[in-house]
Every structure is written in structure tokens, then in C-alpha cells.
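Biologist: Could you take me through one part of this model at close range, namely the protein surface that meets the DNA? I would also like to hear how the two protein copies are arranged around it.

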Number of protein chains: 2
Amino acid sequence: MASPIHQRLREDVLASVFAPDEPLTEAKLTERYGASRTPVREALQRLEQDGLVERRGKAVVVRTHSAEEIIDIYESRIILEQAAAAKAAVKATALDRQLLTGLLAQMQQLDPSDGRALAETNRAFHAQLWRATHSPSLIGLLERLDQQVRRYTLTTLTYPGRWPVVLADYAELLAAIEGADPGRAGDIAARHMSEALAIRLKMYAEDPRTL
Amino acid sequence: MASPIHQRLREDVLASVFAPDEPLTEAKLTERYGASRTPVREALQRLEQDGLVERRGKAVVVRTHSAEEIIDIYESRIILEQAAAAKAAVKATALDRQLLTGLLAQMQQLDPSDGRALAETNRAFHAQLWRATHSPSLIGLLERLDQQVRRYTLTTLTYPGRWPVVLADYAELLAAIEGADPGRAGDIAARHMSEALAIRLKMYAEDPRTL
DNA sequence: CGGCATACTTATGTATACAATCGTGTACAG
DNA sequence: CTGTACACGATTGTATACATAAGTATGCCG
């Protein structure tokens, strides 16, 4: 499986290639990706199940989220990230810790204005933290939630003054994991995600279009 | 959408109609459900994404879980059920509480040996509790986890002495929700699910085939 | 002039034909 | 007798033709 057009369409949706109300007709995608309707339909179905697109009437459009929905997803994610951090503190192997340390070092050398690089490495750090739980179900749930808001997450990292705090949080989190302290690791993760939500809310209040 | 054969196939998989290593060939399903390959393939893909079937080499088979995997899923579910109960204590409407009360009353009048009825109403109770959170993301995550182990959950409820404890837990949980006490509601839910996991582990130790 | 019915256009839902691939069995060689 | 290579069969992946239904525009009637 893992049809190439499935991934290409996903990337395009996440990269906001399509307007929020632009109908993703099978004919259009067929031409765009040079495949027939069958694999296109398959890709659309998968993205629909992932919550990245939705059927509106007959047409399929990229799914947008209201402010309430994004808050809701964030709140669920706070819970899962807390649980993941706590579990990682118990289950992480030496390799996991090494990889996390390396990623943090990488992040510390980035240009804080390069939003794209920030988002990319930040995501890699989170993904590695999830893997460090060695819990397939947790990883699956977190990936699912992350995907649904990935189109929006770029913005919080470039919020004035945010990036240094992120780095400090991660350093503290790693220390808690090194110390095998699940309670502290969970608290840090929960606080970190709560702050991210708070920033998002503030940004929304300042300019509702940032959604 | 909501193809009827998708639901039928799902029900059959959950009802263990197919052997764990029986290949679900499209030809066979085509004949069984009287549809062509296209909708059958669609159904298979959806079930695959739901984690109910998996591709083994070329064939698709119903997914089985090792003891470790089931424990892992339970542990994630403990976290989510705790969060859901806590949130329900805050967000539940009068209607939600009424529905939960009604379901509990129903459960108290069931024959404790009728495993099928127990499982059914128990599931309805959980589902209503999830809805009482009014959190689409939480509901989605819990539904996802539940589906993956639904084939196994029947058994814990009929474990000797378990059912009365379940009813007592639910009554206590409802009281916490009525009292709008999220901490207590979460604790009860977490304890309840932990006990369910413990029972499953005990059953597995007594007879590994119960998986 | 406005609303509703109806025909038409366009997109999706379904079936089937064709292509490619994977697994398997068999035959041959070492 | 065993390991490997090759060929065949079965099953899935892809393309396309056909059926159906939803959305839309137009024209007629009120």
C-alpha cells in the first residue's frame, strides 16, 4: 500500500495548496497527480478518515476547524502529551534519550525566524518523544491529533519570545526524563502544551484570521 | 457514504466471523456481500485504518493483538477515560446526566450472566459518558481505542464478582458528575479501568487463550 | 416579477476489464 | 536429498465504462 499519491495529496492539503472551500473533485486530482480515479478515491477516503478533508454535500473539501474545535483538540493533546512525557520518563531507552538530546541541540542552533525549520524540528522532537514511550497506541493517538492541527501549528513557534521558552521547556523535560521522574516530566509537558494553547488563543484574539 | 457493506463487514469482524488468520480475499467478500470489488476494497481500507484488519504480506486478515498490545491499549484508555470522566463532570448537561442515570438503572436490572446484554449496555454507558464531555476529539480517540479491543471486552464483565463492582463504580461516578467534581470523577474512572485491566491480566494468566 | 418544477449537466458510486505482483509449487542441478 | 531458479496461478492494483444522484440553470406558471 502506501500509495504515493496518498502522501502527495496529504502533503498538499497540509501545505494549504487548496483553498478551504475549493471542491476537491476527483477529476481535478486525477489530472493533477496523473493517476486514475481509483487511487485518487482511495487517497481521499484515507484523508477523510484522518480528518484532513470532509464531505460537504457531495463534494470533498479540506477540513477547517473553528476556534472551539482547535481548543478542543489542544485540550485533548495536553492530556496525551502529559501521559506520553510521563511514560517516556519510565520507558525511554538510552538511544531515545540520546536522540532527544541531539534534536534539542539541533534546535538550539536554528535561526528563530525560520518558521519552517522551527516547525519541522519541533515536530521531530515531539515525534521522538512519542516513540520514547514505546506505546503504539499512544503514538497512534498523538499522530492523529497532530495531523488535524498541523496546518495551524507553524504559527505559535514564531510568536515573539516563544522559541526560547520552548527550548527551555524541552531542556527541562529532558532532565526530568533523564531523572526518570514521570510526574515532573508529565507536568512540564502539560504546562508546555497549555502555554501553546494560551498563545494560540491570544493570537486568535488579536487576529481571528490566524486560524 | 456510510456504505452498508462497510458496516456489515465491521460487524462481522467484531463478531469474530472470520478466523484470525483467514485471508479476507476481495473475491470472497464480494460474494459474501453481493457487491463488486470497489466497495469491498473501500470497506477493507477503512477497517484497516481503524486497526481492525491488517495487511499481512498481500492478504488482509483480522488483526489480533498480543497481550502486550492489549495492555498498552488499556493503559492509554485509562488515561482517556479519566480525562473524559473529569471533563464530563464539568460539561455534562442535565440531559446527559439523565441519560446516564437511565442507563445505569437499566444495567441494574440485567441478568448478570447475560454477557451479551452486559457488554451492550456497558458500551452504551461509556459512549454516553464520552458524549457528555462534548469534546469531539476525545470522543473520537476513545471510539478508536474501544473498537480495537471490542472483540475482547465481553469477557471482563462476566468475570466472577465483577458486575456488581462495575455497577457500584458507575453509581459513584455519576455521583461525582452530579457533584461537578472532575477530580473525583476522573479518579473513579481511572480506578475502574485499571481494575478492568487487572482482571484481564488475571484472566490471561489463568488461560492465555482468553485473548 | 418571483417561485417552483423540470430537464440537464456534472460529479460521484459501482461494476468490470486489464496489468502487475506476490506467493507457490515444481523441476532441475548440485 | 536439498537448495535454487523458474514458471504458473491467484490476488491485488489500476484504469475505465456505465449507472445514479445531486446540484444547477432555465423556463413556465402563478
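Modeller: Happy to! A word on terms before we start: two residues are in contact when heavy atoms of theirs lie within 4.5 Å. Please also keep in mind that this is a predicted model.

Let us begin with DNA strand D. It is surrounded by 15 residues, and the closest of them come from both chains: A:Ser36 and A:Thr38 on one side of the list, B:Arg37, B:Arg41 and B:Lys58 on the other. Of the strand D atoms that come within 4 Å of the protein, sugar and phosphate make up 46%. Sorted by class, the surface near strand D holds seven charged, four polar and four nonpolar residues.

Which elements supply this surface near DNA strand D? Helix H3 (37-49) of chain A and helix H3 (37-49) of chain B each give at least two residues to it. The largest share, three residues, comes from H3(A).

Some individual atom pairs fill in the picture. In the side chain of B:Arg37, an N or O atom is 2.9 Å from a base oxygen of DNA strand D. B:Lys58 also reaches a base oxygen of strand D, with a polar side-chain atom at 2.8 Å. For B:Arg55 the partner is a phosphate oxygen of strand D, which lies 3.4 Å from a polar side-chain atom of that residue.

Now turn to DNA strand C. Here, too, 15 residues surround the strand, and the closest are A:Arg37, A:Arg41, B:Ser36, B:Thr38 and B:Lys58. Sugar or phosphate accounts for 46% of the strand C atoms within 4 Å of the protein, and bases for the rest. The surface near strand C is made of four nonpolar, four polar and seven charged residues. H3 of chain A and H3 of chain B each supply at least two residues of it, while H3(B) gives the largest share, three residues.

On strand C, a phosphate oxygen is 2.8 Å from a polar backbone atom of B:Ser36. A:Arg41 places a polar side-chain atom 2.6 Å from a phosphate oxygen of this strand. B:Thr38 turns to a base instead: a polar atom of the B:Thr38 side chain is 2.7 Å from a base nitrogen of strand C.

How are the two protein copies related? Chain B can be laid on chain A by a turn of 180° with a shift of 0.0 Å along the axis, and the RMSD is 0.0 Å. The two copies are thus related as by a two-fold rotation axis. Among the residues of chain B, B:Leu141 comes closest to that axis, with its C-alpha at 3.3 Å. The copies meet through the same surface, because 100% of the interface residues of chain B are interface residues in chain A as well.

B:Leu141 falls within the span of helix H7 (residues 136-157) of chain B, and B:Gln148 has its place in this helix. Is B:Gln148 buried or exposed? Its relative accessibility is 13%, and the limit for buried is under 20%, so B:Gln148 counts as buried. Beyond its neighbours within four places in sequence, B:Gln148 is in contact with B:Asp50, B:Gly51, B:His65 and B:Ile73.

Methods
Residues are numbered from 1 along each chain as its sequence is written. Chains are lettered from A and ligands numbered from 1 in the order in which they are written. This is a predicted model: local features need pLDDT of at least 70, side-chain atom pairs count only at pLDDT 80 or more; totals for chains, interfaces and linings use all residues. Side-chain values use heavy atoms; hydrogens and water are left out. Helices (H or I, at least four residues) and strands (E, at least two) are DSSP runs, numbered from the N terminus. Buried means under 20% relative accessible area, exposed over 50%, partly exposed in between (1.4 Å probe, protein chains only). Copies are superposed by least squares on the C-alpha atoms of residues with pLDDT of at least 70 in both. A residue is near a molecule or strand if one of its heavy atoms lies within 4 Å of it. A polar contact is a pair of N or O atoms within 3.5 Å; within protein, one must be able to donate a hydrogen and the other to accept it, and residues adjacent in sequence count only if both atoms are side-chain atoms. Ala, Val, Leu, Ile, Met, Phe, Trp, Tyr, Cys and Pro count as nonpolar, Asp, Glu, Lys and Arg as charged, and the others, Gly among them, as polar.
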